[in-house]
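Subject: Structure for your reading

Dear colleague,

Please find below the structure that I promised to pass on to you. I would be grateful if you could keep it open while you read the notes that come after it.

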Amino acid sequence: KEFKKFNPNNLSKYFLENTYRSWSLYESKLEDWEANVNNEISNIEGVIDELEQSRDIWLLSRDEAIAEAVPDELVLRISETIQEIDDMKIKFLKYRRDLFIREDKIVDLIAITDDIRDEVAVLQQRQRDNLFVAGKPNLWNVDFKTSDIIPLPPRLQKAWHENAKTVRTFSREYNDVYLAPIVLLLILFYALIIQKFRKLKFTDADPHFVSIERIFTKHPVSSFVFFVLSIIIIILPNMPLIMIGIPGIVVLVLSLAFMPKPIGQQGKRIIQFVLILYFLNFGEILFWYFGQYSRIYVTAETIVAILLTFTFGLAGLRKKTKNVHPFVRKFSLLSVVLLLLFCVAFISSLLGFMDLAVLTQKIGVKTAAIAVIIYSAYVTLRSIIYVLGEIGRSSNLTLMANRWDGFEKRGVQLLNILAIIYFFKFILQNMEIYRGLMDWLIDTLEQEWIIGTLHLSIG
């Protein structure tokens, strides 16, 4: 009864997203099972066909044996073999029937998961439709009660229980056997690059020397852990929000370790203030369990975001700032949009538009974090490409002697494209429109276009 007094509207935003991700994981698991069952059915049907062919051959052999008056013992042995084939066929037919039943049950479960995901998606859409509806009174009219905070332990336990449950569910359902080998191969690959790099004679005159030395010589462990965590976040889209939030904080801390020198002191301040904003936004998961006091937290969070963005984010645009790194200059341009988002979040929180406040604050914070993380990953991968190029030049591969420059150029071009794609992908995900956009795109590609007597379909 006590927890009914908590803020249900904004808490449900996290609950609904975690629920959608959990059921998406269930559906993915069921689809894998369905594929395995279908493969097993195909194998069983192949065996049944072979048994039938074998039985036909033995029947012909028995007829020929009878016609040629061979000993009765041989005819009896052939008949026993045919009976064994029939018995085995019956067993396989029974097994196939069981597989069909299992497949039907899996299909039913997939339909159920689809229905639940659709219901969750409808609830999420309803929240988006109510973004401009003031569901709460103005902040100065809110009646703050001590009961929203005290007792403290039950609220902390509730927060722990809800988030730990999503982590346990994900850990139990996700068992990708390829993840560990991938990480092991990355460790070997990274160790090999570091070993080869230390044998190369890089100097300050070489381009990108500072970032390469920083990554592979001074901070190899932090850059590698950053690299692995970034890949895990990308390849595991159905992770619970808390499991994305914690690695996100770790990744930002690691980028703070190996990125400052390549991007300068102003770049370091940008990473620091983004880390602070990300940590405060992550703390919303806890403060939604404290009733109306969550309003104070969100409002304070927006104020901190506005102050830090104005002080550090826009620093690269000030006239007195000279010789800034390109990342700092581009982030300063992005900060203009971020400042606008944070101002909207602040005003919305004051006036009771909490869904709008939470969404715009999240978009602003996550966009800043995405920019830092993707640029750090970009610098790391670009350094790997340049090191591989130098390793190739120092080798005796005659065939590639004149192609390493092209390798570096094409590699960096591909990296630029991937950085842009993933930046906008994550931005659209945080704006909560990526899923709907992809569904629309898939439906459009799968749609059949009729032009006269011609039927066209891309998907």
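The notes below go from the whole chain to single helices and then to single residues.

**The chain as a whole**

Please bear in mind that this is a predicted model. The protein chain contains 14 helices and 2 strands. Of its 459 residues, 40% are buried. The accessible surface amounts to about 26100 Å², and carbon and sulfur atoms account for 64% of that area. If one takes the contacts between residues at least 6 apart in sequence, 76% of them join residues at least 24 apart.

**Confidence**

The mean pLDDT of the chain is 80, and 87% of the residues score at least 70. Over residues 1–11, however, the pLDDT is below 50, although this stretch has 25 contacts in the model beyond near neighbours in sequence. Where pLDDT is low, the predicted coordinates should not be read in detail. Among the elements of the chain, the lowest mean pLDDT, 64, belongs to strand S2 (residues 454–457), and the highest, 90, to helix H11 (residues 326–351).

**Helix H11**

How does the span of H11 compare with the one expected at 1.5 Å a residue? The 26 residues of H11 should span 38 Å, and the end C-alpha atoms are 38 Å apart, so the two values agree. The helix nevertheless bends by about 30° at leucine 334. Just after H11 comes glycine 352, which has a positive phi of about 95°.

**Helix H13**

Helix H13 covers residues 404–430, which makes 27 residues. From its first C-alpha to its last it reaches 38 Å, close to the expected 39 Å. Its buried residues include Trp404, Gly411, Val412, Leu415, Phe426 and Ile427. Charged and polar side chains are not absent from this list: Glu408 and Asn430 are buried as well. Which helices help to cover the buried residues of H13? Helix H6 (220–235) and helix H12 (354–394) are included in that cover. Just after H13, glutamate 432 takes a positive phi of about 65°.

Helix H12 also holds valine 387. This residue counts as buried because its relative accessibility is 0%, under the 20% limit. Its C-alpha atom is 6.6 Å from that of phenylalanine 197, and the two residues are 190 apart along the chain.

**Helices H10 and H8**

Helix H10 (residues 293–313) has 21 residues and reaches 29 Å between its end C-alpha atoms, close to the expected 30 Å. Among its buried residues are Tyr297, Val298, Glu301, Thr302, Ala305, Ile306, Leu308 and Thr309. An α-helix has 3.6 residues a turn, so residues three or four places apart point the same way. You may wish to follow the buried positions of H10 along the helix with this in mind.

Which residue shares a polar contact with the side chain of glutamate 301? The partner is asparagine 281, and the contact between the two side chains is 3.0 Å. Asparagine 281 is placed in helix H8 (residues 260–282). Asparagine 281 counts as buried because its relative accessibility is 5%, and glutamate 301 is on the list of buried residues in H10.

**Helices H1 and H2**

Two residues of helix H1 (residues 8–67) deserve a look, and one of them is glutamate 27. Is glutamate 27 buried or exposed? It is buried, because its relative accessible area of 7% is under 20%. Leaving aside neighbours within four places in sequence, glutamate 27 is in contact with Ile110, Thr113, Asp114 and Arg117.

Asparagine 18 is also found in H1. At 9% relative accessibility, this residue counts as buried too. Beyond residues up to four places away in sequence, asparagine 18 touches Thr166, Pro240 and Leu241. Its C-alpha atom is separated by 9.1 Å from that of isoleucine 242, which is 224 residues away along the chain.

Lysine 91 lies in helix H2 (residues 72–129). In contrast to the buried residues above, lysine 91 counts as exposed, because its relative accessibility of 63% is over 50%. The C-alpha atoms of lysine 91 and isoleucine 48 are 9.9 Å apart, with their positions 43 residues apart along the chain.

With kind regards

How values were computed
Residues numbered from 1 in each chain as written. Heavy atoms only, no water. Helix = DSSP H or I, 4+ residues; strand = E, 2+ residues; numbered from the N terminus. Expected span 1.5 Å × (residues − 1). Buried < 20%, exposed > 50% of the residue type's maximum accessible area, 1.4 Å probe, protein only. Polar contact = N/O pair within 3.5 Å; in protein donor to acceptor, adjacent residues only side chain to side chain. Contact = heavy atoms within 4.5 Å. Areas by Shrake-Rupley, 256 points an atom, 1.4 Å probe, with all protein chains shown as cover. pLDDT = per-residue confidence, 0-100. Bend = angle between axes of the 7 residues up to and from the residue.
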